[in-house]
Amino acid sequence: MIPGSAALVGAGPGDPGLLTLRAAQLLGEADVVLVDRLVSKEILEHVRPEATVVDVGKTSWTGTAPRQEEINAQLLEHVRAGRRVVRLKGGDPFVFGRGSEEAQALAAAGLPFEVVPGISSAIAVPAYAGIPVTARGVTQDVCVVTGHLDPDDPASRVRWQALATGPGTLVILMGQDRLPMLAAGLIRHGRAADTPAACIEQGTTTQQRVVVSTLEHLAREVAAAGLRAPVTTVVGDVVRLREELRWFGPDLEDA
Ligand SMILES: C[S@@+](CC[C@H](N)C(=O)[O-])C[C@H]1O[C@@H](n2cnc3c(N)ncnc32)[C@H](O)[C@@H]1O
């Protein structure tokens, strides 16, 4: 890295082995690493001992972390001071990671940056649960969507009606708190109540837990199992393939 530059780097979904070679290289060159909450500790072993690691972890469930504007300001400040700055983000920086906003802040300030894509939880978490997001003969399309807002919330720009009748596979991130509303919304808009559906907690890690059910019953079974964030939800016929393709994880019994 050149001094006075930034890299927006994806750390992958949890398993430290899913870090890219480029990410490991840049972590080894950085003077400052601004790190998200969902990044595993083992990944930080790539950082030089003399580098500064700053936890800027944002979490919607504690509300104690810095705001995005403060993170952007820190990023710019370190780069302007001539440091080599890695902004390390969970999964891929441009998949619901607000990486685009950080890149825009750097671009607007005329500061040099690069982007290192990471393996996104949207693809990798289902894969570690034995669920391919597409499969020939099952479905040819997949949509990754945020479950952050209720389907009936006027502020939601997600077209739930189109999603209910559209893409074969839905991968819903950040939706664990709104599962009852999300499932009911999809069913109301036309997705069959018996569509296979799964929730994966702490996917790709040794704490991975999976609940498999149907769209109609998923929320109840996830609540009974006590799954907590981070959780990825998959809806669609591909979920059935887990029976055959399950290969990883100390899962709790499936419903
Ligand atoms: C703010 S989004 C960031 C996504 C990230 N940029 C990516 O590409 O994976 C965070 C959401 O990703 C999902 N997620 C991230 N890591 C996960 C994991 N190890 N297991 C399950 N879901 C995960 C959860 O839905 C979580 O609420």
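Is glutamine 208 buried or exposed? I should like to open with that residue, and I note at once that the model before us is a predicted one. Glutamine 208 sits in the loop that joins strand S8 to strand S9, the latter spanning residues 209-214. Its relative accessible area is 0%. Because buried means under 20% relative accessible area, glutamine 208 counts as buried. A polar atom of its side chain lies 3.5 Å from the backbone oxygen of phenylalanine 248. Arginine 242 stands 34 residues away from glutamine 208 along the chain, and their C-alpha atoms are separated by 14 Å.

A second loop residue offers a contrasting case. Leucine 44 is placed in the loop between strand S2, residues 32-35, and strand S3, residues 52-55. With a relative accessibility of 23%, leucine 44 is classed as partly exposed. Setting aside neighbours within four places in sequence, leucine 44 makes contact with Val35, Val53 and Leu88. From leucine 44 to glycine 57 the C-alpha distance is 14 Å, and the two are 13 residues apart in sequence.

I turn now to the nonpolar cores. The largest has 21 residues, and Cys199, Leu218 and Val222 have the most contacts inside it. Which elements give two or more residues to this core? They are strands S6 (142-146), S7 (169-173), S8 (196-201) and S10 (231-235), together with helices H5 (160-165), H6 (179-188) and H7 (218-225). Helix H6 gives the most, with four residues. Leucine 218, apart from neighbours within four places in sequence, is in contact with Leu179, Ala197, Ala198, Cys199, Val211, Ser213 and Thr233. There is also a second, separate core of 17 residues, and among its members are Leu19, Val35, Ile43 and Val47. Val35 has thus appeared twice, as a contact of leucine 44 and as a member of this second core.

Next, helix H3, which covers residues 99-108. Its buried residues are Gly99, Glu102, Ala103, Ala105 and Leu106. Viewed down the axis of H3, these buried residues fall within an arc of 155°, and they therefore line one face of the helix. The face turned away from that buried side carries the exposed residues Gln104 and Ala108. What covers the buried residues includes strand S1 (5-10), helix H2 (68-80), strand S4 (84-89) and strand S5 (113-116). After H3 comes glycine 110, with a positive phi near 70°.

Finally, the ligand. Which residues come nearest to the ligand? Of the 18 residues around it, these are Val95, Ser120, Ser121, Gly203 and Val231. Helix H4, residues 121-128, and strand S10 each supply at least two residues of the surrounding shell. Strand S10 also gives two or more residues to the largest core.

Three backbone approaches deserve attention. For aspartate 92, a backbone N or O atom lies 2.8 Å from a nitrogen atom of the ligand. For glycine 203, a backbone N or O atom is 2.7 Å from a ligand nitrogen atom. For valine 231, the partner is an oxygen atom of the ligand, at 2.7 Å from a backbone N or O atom. Taken alone, the ligand exposes 570 Å², and the protein buries 90% of that.

To close, I return to the two loop residues: glutamine 208 is buried at 0%, whereas leucine 44 is partly exposed at 23%.

How values were computed. Residues numbered from 1 in each chain as written. Predicted model: local features only at pLDDT ≥ 70, side-chain atom pairs only at ≥ 80, totals over all residues. Heavy atoms only, no water. Buried < 20%, exposed > 50% of the residue type's maximum accessible area, 1.4 Å probe, protein only. Arc of directions from axis to C-beta. Contact = heavy atoms within 4.5 Å. Core = buried A, V, L, I, M, F, W, Y, C linked by side-chain atoms within 4.5 Å. Near = heavy atom within 4 Å. Polar contact = N/O pair within 3.5 Å; in protein donor to acceptor, adjacent residues only side chain to side chain. Areas by Shrake-Rupley, 256 points an atom, 1.4 Å probe, with all protein chains shown as cover.
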